[in-house]
Amino acid sequence: SIHPVLLYYANIVGYVRLLLIALSFAFFIESNPVVFVWLYAINAVLDAFDGLLARAFNQISFFGAWLDVVVDNIGRTLLWCFVAPRIGALVCCVEWLTFVCSHQDGPRWKEEFSSAPKLAKSVMANGYKTPIGVLVIAGIHVLPIFYYGHLNQLDKALFLTPLMSVVVMALLCAGRVYGMCVEAWVIKRHISQLLNSK
């Protein structure tokens, strides 16, 4: 029989997101950039709803927290490997390593920042709903798809001038670098915990 957690609404959204990622990469990444961006964007919008559904229906689970980040990482890993294989490989390694280092606490992983330096706390404050939190989340989630769009000259479809594209790209890169600093702290904290455990 199927475990009930597998059928939680938020987890079903996760499966739909995986399907969208698979379809977009299998059929559209090279042949139709506009369709690819739309499918990837729908995936991103659905990402905002899985947590809301989990909380609304009291369906928060270790599996759901794990699935949410796994789906995020799969999409970004595939995209980074396509748009920037060298730097993307580094970004993906850091993201997956951070995932491994932070998700032993399941859905409570975001609460483990009480001993974090101010740099990390400022990102995590108020559920990322601060200017620096938004910048970092945009750098992590939007930078690879924005770069893909730029490579495929889709920034013109967004009515961005060349200067605006450069400014947006610079802000997204700054957010991603700041995010890597927080990820480095998470990895360091985990290694310290391992070294200090029996």
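**Salt bridges, aromatic pairs and a pocket in a predicted model**

Arg17 forms a salt bridge with Asp72, and the closest N and O atoms of this pair are 2.5 Å apart. Because Arg17 lies in helix α1 and Asp72 in helix α3, the pair ties together parts of the chain that are 55 residues apart in sequence. Both of these residues, Arg17 and Asp72, are buried. The structure described here is a predicted model, and the values that follow were computed from its atoms.

Arg17 has a further partner in Asp50, with which a salt bridge is formed at a distance of 3.8 Å between the closest N and O atoms. This pair likewise links distant parts of the chain, since Asp50 belongs to helix α2 and Arg17 to helix α1, with their positions 33 residues apart in sequence. Asp50 is buried, as is Arg17. These contacts belong to a wider arrangement, in which Arg17, Asp47, Asp50, Asp68 and Asp72 are linked in a network of salt bridges. For the structure as a whole, the count comes to 7 salt bridges. One of them is formed by Glu183 and Arg176, whose closest N and O atoms are 3.1 Å apart. Glu183 has a relative accessibility of 9% and therefore counts as buried, the cut-off being under 20%. Arg176, with a relative accessible area of 3%, is buried as well.

Another arginine, Arg76, is found in helix α3. Its relative accessibility is 6%, so Arg76 counts as buried. When residues up to four places away in sequence are left aside, Arg76 touches Tyr40, Cys92, Glu95, Ile140, His141 and Pro144. Two of these neighbours appear again below: Tyr40 is part of a cluster of rings, and Pro144 is one of the buried residues of α7.

Aromatic side chains were examined next. A search of the whole structure finds 8 aromatic pairs. Among them is the pair formed by Tyr9 and Phe57, which is edge-to-face, with 4.8 Å from centre to centre and an angle of 70° between the planes. Tyr9 lies in helix α1 and Phe57 in the loop between α2 and α3, so the pair ties together parts that are 48 residues apart in sequence. In contrast to the buried salt-bridge partners Arg17 and Asp72, Tyr9 counts as partly exposed because its relative accessibility is 44%, and Phe57 is also partly exposed, with a relative accessible area of 46%. Elsewhere, ring pairs link Phe25, Phe36, Tyr40, Phe82 and Tyr148 into a cluster.

Tyr148, a member of this ring cluster, leads to helix α7, whose buried residues are Leu143, Pro144, Ile145, Phe146, Tyr148 and Gly149. The elements that cover these buried residues include α1 (9-28), α2, α3 (62-83), α6 (131-141) and α8 (162-196).

Helix α7 also takes part in the lining of a pocket. The second largest pocket of the model has a volume of about 270 Å³. It is lined by 13 residues, of which Val37, Ile145, Gly149, Leu154 and Leu158 are the closest to its centre. Two of these, Ile145 and Gly149, are listed among the buried residues of α7. At least two residues of the lining come from each of the helices α2 (33-56) and α7 (143-151). By class, the lining is made up of 10 nonpolar, 2 polar and 1 charged residues.

Finally, the backbone shows two positions that deserve a remark. Most residues other than glycine have a negative phi. In Asn58, however, phi is near 50°, a positive value in a residue other than glycine. Asn58 is placed in the loop between α2 and α3, the loop that also holds Phe57. With a relative accessibility of 67%, above the cut-off of 50%, Asn58 counts as exposed. Gln153 provides the other case, with a positive phi of about 55° just after α7. This residue, Gln153, is found in the loop between α7 and α8, and because its relative accessibility is 54%, Gln153 also counts as exposed.

How values were computed:
Residues numbered from 1 in each chain as written. Predicted model: local features only at pLDDT ≥ 70, side-chain atom pairs only at ≥ 80, totals over all residues. Heavy atoms only, no water. 1 Å grid on protein atoms, 1.4 Å probe; cavity = no way out; pocket = protein on both sides within 12 Å on 5 of 7 lines; lining within 4 Å. Points joined across faces, edges and corners; volume = space filled by probe spheres on them. Helix = DSSP H or I, 4+ residues; strand = E, 2+ residues; numbered from the N terminus. Nonpolar A, V, L, I, M, F, W, Y, C, P; charged D, E, K, R; others polar. Buried < 20%, exposed > 50% of the residue type's maximum accessible area, 1.4 Å probe, protein only. Contact = heavy atoms within 4.5 Å. Salt bridge = Lys/Arg side-chain N within 4 Å of Asp/Glu carboxyl O. Phe/Tyr/Trp six-rings, centres within 6.5 Å; stacked < 30°, edge-to-face > 60°.
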